[in-house]
Amino acid sequence: MKLGWTQLAKYGKRRLPILAWAPGYRPTWILQDMLAGITVGLTAIPQGIAYGIVAGLNPEYGLYSAFMASFVYIFFGSCTNITIGPTAIMALMVQSMVANYGADMAVLICFLKGCIITVLGIFHLGFLLDFISLPVITGFTSGAAVTIASSQFKPILGIPGPSSSFIDSVVSVFTNLDQIGWWDTLLGFGTVGVLVGLKNLPGRRNGTAWQKVMWMIGLGRNAIVVVFGTGLAYAFYVYDMEPFRLTGSMGQGLPPLSWPPFSTEFGNETLTFVDMVTGMGTTVVTMPIISTIEHIAIAKAFSMGKSLDATQEMLALGLCNICGSFVRSMPVTGSFTRTAVNYASGVRTPLGGLFTGILVLLAVGLLTGTFRFIPRATLSGVILCAMYYLVDFPTYALLWQAKKVDFAILIATLVACVFLGLELGIVIGIVLNLVPLFYYSARPEVEMRVEQIEEKSFIQVMPEETVSFPAAEHLRNGIMKLSEKNSSDVIFNCKNVKRIDTTVAKNIKLLAKDLSVRGQEVTFTGCAENVKRILGTVAPELTNRFTKDEGLSV
């Protein structure tokens, strides 16, 4: 019974990580967590508003998405540095659904995505994501960044109206040059310049007092430009001037606590749950996958040498989305920008999320009237800078130098995502990436050579890796062609073959039969027990052909 309780306690700490770190929490850590949480909150507020707009929702939806995830992750998150909330990619993926079916679609897919990710975590199915490679992930992320950045061309230039795609964004800018708002343009590009400058300030967290001030200014740069833009717009408003296009009115107060919408009304039409899920299309499948990949990649990057429990992170991400859907949240996942801010701020535990959530809640409850004065050009500048830093240029250089095929897959995924859409783009990338995988599975490296021992020649066949069914026929044909030119016996060296399947075993049986017709024999050396068992089952007549040697010394 004692052992059982011990195992239960360990499992409880794994699935509820707060039980592991809370008992050892030091009072001195509270100030560090508070500083980090507030700093992240100052980044989360302007980004939340911006990503709500990118999703086609009212700005407050981005803020609704920021606070609940911060609270939930305190209890279920296993990575100290990571922060969960709205991201540019999640916003872009729900954009078309919101435009066609309304805001309830974003909330419902948040709930469904959370359920799917939680189930994947419970059944330990995260390994399926390993089939999506670095080139595909990088290409997808870059494609999303280009698409999102292009959607901000019109707002940063003060041109009214939304954009539906990269091509539409570019074309609509050149066809509406006469509608450019020069005040918006000046403010937007000025915002970009200030953000780049503040990011590169020579500040250090552990430096001199002046360096610490520079460091804090750099971390809070998004909040600084938004506050400045808002103040500037309000100053003009006081004098009955409105030179900028503004965010506009927001919903008042805190979101209602209610069930996710399993039906909705949009455009004088009532949509049932089935109608809503049907309207989501492939996004209901691709979004959980992309969200989980994004989150796990960030968690690995900021695990700081500690082992990462991917299953627990999937459960935490799923629960953040499920709980968020009860407060009208759009889909959320790990945020690289805010996680980097959290880490740079010296957070000690996930408790920093408490202060982030409180700050966002205060903003939602007290400042909604102020948010209407935020210029859209300012938010566009924030988004454009974030998208630039989302493009992983070092990985481009790495793939180009290491393997051109991987670089080509990256570019193909990027182009497909930009011109064909994110869902189709990542599917194309995965398919292209699987082609080399299938090819190498069907054509494994096999060394075949004729050697002489004691004036007797042998054909040695030695696969360099495990052989599976796609390669079975190719392997058999290769041996048969070589044995036609040389009537020697065949030695099959299996030291590198850890497993085979019945198709391979069946082809080896046929090979042995064909060779015996010519008066040649096949002998097996260095076989693992698993290989012997399968060969012995499929071809019992070959069981006397096994030797313990791993070469031609038989």
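This is a short dialogue about reading salt bridges, burial, strands and cavities in one predicted model.

Trainee: Let's start with charges. How many salt bridges are there?

Mentor: Here's the idea: side chains with opposite charges can pair when their charged atoms come close. In this predicted model, the count comes to eight salt bridges.

Trainee: Which residue does Arg 328 meet in a salt bridge?

Mentor: Its partner is Asp 104, with N and O 2.8 Å apart. Now look at where the two sit: Arg 328 is in the loop between α15 (310-324) and β4 (333-334), while Asp 104 belongs to helix α6 (residues 103-122). That's 224 residues apart, so the pair links distant parts of the chain.

Trainee: Are Arg 328 and Asp 104 buried or exposed?

Mentor: Arg 328 and Asp 104 are both buried.

Trainee: What about Asp 514: which side chain does it pair with?

Mentor: Asp 514 forms a salt bridge with Arg 476, at 2.7 Å from N to O. Asp 514 is in helix α24 (residues 502-517) and Arg 476 in helix α23 (residues 472-485), so this bridge ties together parts that are 38 residues apart in sequence.

Trainee: Why does Arg 476 count as buried?

Mentor: Because its relative accessibility is 17%, and buried means under 20%. Asp 514, at 25%, counts as partly exposed.

Trainee: And where does Glu 484 fit in, and which residue is its partner?

Mentor: Glu 484 lies in helix α23 and forms a salt bridge with Arg 518, the closest N and O atoms being 3.2 Å apart. Arg 518 is in the loop between α24 and β8 (522-525), so this pair ties together parts that are 34 residues apart in sequence. Glu 484 counts as exposed at 56% relative accessibility, and Arg 518 as partly exposed at 35%. There's a network to look for as well: salt bridges with shared partners join Glu 447, Arg 449 and Glu 451.

Trainee: Strand β8 came up just now. How should I read the side chains of a strand?

Mentor: In a regular strand, the side chains alternate between the two faces of the sheet. In β8, Val 522 and Phe 524 are on one side, with Thr 523 and Thr 525 on the other. These four are all buried, and both faces of β8 are covered.

Trainee: Which strand is joined to β8, and how many bridges join them?

Mentor: That's β7 (residues 489-493), which runs parallel to β8 and is joined to it by four bridges. Across this pairing, Phe 492 stands opposite Phe 524 in β8.

Trainee: Now for a helix. What does Thr 230 touch?

Mentor: Leaving out residues up to four places away in sequence, Thr 230 touches Thr 370, Phe 373, Ile 374 and Pro 375. Thr 230 itself is in helix α12 (residues 221-238), and it counts as buried because its relative accessibility is 10%.

Trainee: Last one: how do I read the empty space, and how many cavities are there?

Mentor: Rolling a probe the size of a water molecule over the atoms shows where empty space is left. This structure holds four cavities of 30 Å³ or more, and the largest has about 110 Å³ of space.

Trainee: What lines the largest cavity?

Mentor: Its lining has 15 residues, with Ile 82, Thr 83, Asn 342, Pro 350 and Gly 353 nearest the centre. Helices α4 (60-76) and α17 (352-366) each supply at least two of the lining residues. By class, the lining has seven nonpolar, eight polar and no charged residues.

Note on methods
Residues are numbered from 1 along each chain as its sequence is written. This is a predicted model: local features need pLDDT of at least 70, side-chain atom pairs count only at pLDDT 80 or more; totals for chains, interfaces and linings use all residues. Side-chain values use heavy atoms; hydrogens and water are left out. Buried means under 20% relative accessible area, exposed over 50%, partly exposed in between (1.4 Å probe, protein chains only). Contact means heavy atoms within 4.5 Å. A salt bridge is a side-chain nitrogen of Lys or Arg within 4 Å of a carboxyl oxygen of Asp or Glu. On a 1 Å grid over the protein atoms alone, a cavity is a set of points where a 1.4 Å probe fits but cannot get out, and a pocket is an open set with protein on both sides within 12 Å along at least five of seven lines; lining residues have an atom within 4 Å of a point. Grid points are joined across faces, edges and corners, and a volume is the space filled by probe spheres set on the points. Ala, Val, Leu, Ile, Met, Phe, Trp, Tyr, Cys and Pro count as nonpolar, Asp, Glu, Lys and Arg as charged, and the others, Gly among them, as polar. Two strands pair if DSSP finds at least two bridges between them.
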